[in-house]
Amino acid sequence: AAQQLGREHQGITLRGSAELVAEFFSYGINSILYQRGIYPPETFTRVQKYGLTLLVTTDPELTNYLNNVTEQMKEWLYKCIVQRLVVVISSIESNEVLERWQFDIECDKTAKDDNGPREKSQKAIQDEIRSVIRQITATVTFLPLLESACAFDLLIYTDKDLAVPEKWEESGPQFVTNSEEVRLRSFTTTIHKVNTMVAYKKDSVP
Amino acid sequence: MAQFLFEADLHGLLKLDTPIPNAPPARWQRKAKESGPGPSPVGMSPMKPANRSHSSSKTPSKTPGKSGSKIQNTPTKAGGDRYIPNRSTMQMEMANFLLTKENDPAEESPTKKEQQKAWAVNLNGFDVEEAKILRLSGKPQNAPEGYQNNLKVLYSQKMTPGSSRKNSRYIPSMPDRILDAPEIRNDYYLNLIDWSSQNFLAVALDNSVYLWNHASGEIIQLLQMEYPDVYISSVSWIKEGNYLAVGTSSAEVQLWDIQQQKRLRNMTSHCARVGSLSWNSYILSSGARTGHIHHHDVRVAEHHVATLAGHTQEVCGLKWSLDGRYLASGGNDNLVNVWPCTQGGGGDFAPVQTFTQHQGAVKAVAWCPWQMNVLATGGGTSDRHIRIWNVCSGACLSTVDAHSQVCSILWSTNYKEFISGHGFAQNQLVLWKYPTMTKVAELQGHTARILNLTMSPDGTTVASAAADETLRLWRCFEMDPIKKKEKEKANSAKSSIIHQSIR
């Protein structure tokens, strides 16, 4: 019972929190891919989550890829060794980084020692997540148009001494040059806190 | 681990065959690009520093920027047994610094160390000593060839070519009239125009309300806010057309008598601006920026008779159904709520339906006049879809992508059609056939986004107010004179059996 995923009235456990945050990333990344037009909109389907209608991809390869990331994130969140998740959107032709979504993760490491679950209702966390996802959707109103076909990359910032697992490789930060940044809302499960922000190219044409 | 990076960097720095920056790509580079991104090697070990030629076609080449690395594109396949450095993931500045650091005295004051650390964190976005960045290889193929980024297609929408279908009626492409609307507030969330059953068009221009008599063309200034910086956020005519409800940015709901041009009531119950109003006989409903909807009984002193809390952000769309049974509300929280006219058992109002499908603010809310329980809603910039619902079953009957922000929807009483108003990029009005959801016509003319639509009492003309400070009147639902006579006959002599058979 102590190992339960903290879903119902049990409060939030470390594992439960890791699951919640990894799940949020999965839906968040899907939303970004849909809203920014990285993949055709007809390849997305609507699902109900967090009391919202969200769009997730139906492309099996992409789903597989994202699942790999989500599973890995769950593990690393549980171990509290991941600091940041970044979605980099770059032009396929020029390889220029056009947009960069950065999710900073603050982990309360004392949760590893605690045995009791933390007090925070599922609903409160869901409300917070819902606000962030809605904000991500609304960013299309001010983000510059992505003129060319784009590809995305997922970067994860981990602790330095982590053994790099198979299929993962080291990378540079892939910043946007000459960027404008907007900070979005954050949410917290009391164990993990996620801050979201998006960097995009400053308009060169006034 | 670190020494391999160092070695690799050293190798890279000593190589002479680095390509010239900013030169036209060499033939082999062009060839490599043409051959396309090769299949990404899944499961490749990241630890081998000597062969970094992974599918680098995906790694971006950066101009000198925050991390200051100098990058050149490296080919994927060419020169298989040469060590070709992958510069995009190298950090030249960092490497250079680390190299030169060896020569400096190792002694550094603690504050200097702190300072350097702060700089490193700032430049790199993370503490180099503490974290490393990982990337998952084996990224799936991108969208297929020929897929243009949807956003580009969206924003380069050309006018739809003249439909091959023969339109059964002539819809003039130019407005009947254009009226000046100076100082109209360019705020998507407000509802600044309404047309009364007595044929007066009320327009709120910043802090004043003007009435335009459609028949005579006369203009009257009805009111002006007393306090500076207060503006009008919504206007709504009572069904009979003798009273006008006005919502303000100071959270007041005022009631004005038109004949006497006097204010009858000033109802305060909200704590934020009132952006939407809707009448149901003597009940006036108002939606505020807090997300609350209040019902006011305008006949009694204690006007605030009910509160509906269903939105967490501004209520921008509010409409009672024509039979007065339901109230539909749309908010900036992307929700559509359908409320019953009577309270539930517990004395609380709860929505009978909540629709979450829209991905943007819902300001366009309209009830179908010829089919019961059918509601049309339209989403803002992030959504751009028009949806038709059956509020009893909760089913979404149709959806159509309008490719542009939807600010308002009006159903026609003369034809089985509805009209929608849009923003970027064409600022057009679109007429749709219902239920086939095909476009009947597009009316262009506005040079900035449309903010509101309202319909004349005879149902023939639609007025649109836009951010270009004009009001345009479009005669798009003109009745055919023959059909008009038929309709009038049908309306006047409903009980006659002979007339029914003619119809």
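Strands, for the purposes of this tour, are DSSP runs of at least two residues, numbered from the N terminus. The model is predicted.

**Stop 1: two loops with cis peptides, chain B**

Select B:Pro435, which sits in the loop between S25 and strand S26 (439-443) of chain B. The peptide bond leading into B:Pro435 from B:Tyr434 is cis, with omega near 5°. Then step back to B:Ala425, in the loop between strand S24 (417-422) and strand S25 (429-433) of chain B. Here the cis peptide bond is the one joining B:Phe424 and B:Ala425, and omega is about 10°.

**Stop 2: the annotated repeats, chain B**

Colour residues 232-266, 308-339 and 443-474 of chain B; an unreviewed UniProt entry annotates them as "repeat: WD". Take residues 232-266 of chain B: the span is 66% strand and 0% helix, and its end C-alpha atoms lie 14 Å apart. For residues 443-474 of chain B, the end C-alpha atoms are 8 Å apart, with 53% strand and 0% helix.

Now select B:Ala467, in the loop between strand S28 (462-466) and strand S29 (470-474) of chain B. What is B:Ala467 in contact with, leaving aside neighbours within four places in sequence? The partners are B:Asn186, B:Ala448, B:Arg449 and B:Leu451. For a distance across the chain, pick the C-alpha atoms of B:Ala467 and B:Met90: they are separated by 50 Å, and the two residues are 377 residues apart along the chain.

**Stop 3: H1 against H2, chain A**

Move to chain A and show helix H1 (residues 14-35) together with helix H2 (residues 60-78). Their axes come within 8 Å and cross at roughly 150°. Angles over 145 degrees count as roughly antiparallel, so H1(A) is roughly antiparallel to H2(A). The crossing of H1(A) and H2(A) is right-handed.

To see the contact, display side chains on both helices. On the H1(A) side, the residues include A:Leu14, A:Ala18, A:Val21, A:Phe25 and A:Ile29. On the H2(A) side, they include A:Leu62, A:Leu66, A:Met73 and A:Tyr78. The residues of the contact of H1(A) with H2(A) divide into twelve nonpolar, three polar and three charged.

**Stop 4: H1 against H3, chain A**

Keep H1(A) and add helix H3 (residues 122-138) of chain A. The axes of H1(A) and H3(A) come within 10 Å and cross at roughly 20°. That angle makes H1(A) roughly parallel to H3(A), and the crossing is right-handed.

Among the H1(A) residues in this contact are A:Leu20, A:Phe24, A:Tyr27 and A:Ile32. They belong to a set that meets H3(A) residues including A:Ile125, A:Ile129, A:Val132 and A:Ile136. The contact of H1(A) with H3(A) divides into nine nonpolar residues, five polar and no charged.

**Stop 5: the disulfide, chain A**

How many disulfides are there over all chains? The count comes to one. Select A:Cys80 and A:Cys107, whose sulfur atoms are 2.3 Å apart. A:Cys80 lies in the loop between H2 and strand S3 (82-91) of chain A, and A:Cys107 in strand S4 (residues 97-107) of chain A, so the bond ties together parts that are 27 residues apart in sequence.

**Stop 6: a backbone angle, chain A**

Finish at A:Gln174, in the loop between strand S6 (168-170) and strand S7 (179-188) of chain A. A:Gln174 is not a glycine, yet has a positive phi of about 55°.

Technical notes:
Residues numbered from 1 in each chain as written. Chains lettered and ligands numbered in written order. Predicted model: local features only at pLDDT ≥ 70, side-chain atom pairs only at ≥ 80, totals over all residues. Heavy atoms only, no water. UniProt positions renumbered as here; feature names shortened; annotations may be inferred. Helix = DSSP H or I, 4+ residues; strand = E, 2+ residues; numbered from the N terminus. Axes fitted to C-alpha atoms, helices over the stretch in contact; angles between N-to-C directions. Parallel < 35°, antiparallel > 145°, perpendicular 65-115°, else oblique. Left-handed = near helix turned anticlockwise from the far one by under 90°. Contact = heavy atoms within 4.5 Å. Nonpolar A, V, L, I, M, F, W, Y, C, P; charged D, E, K, R; others polar. Disulfide = S-S within 2.5 Å.
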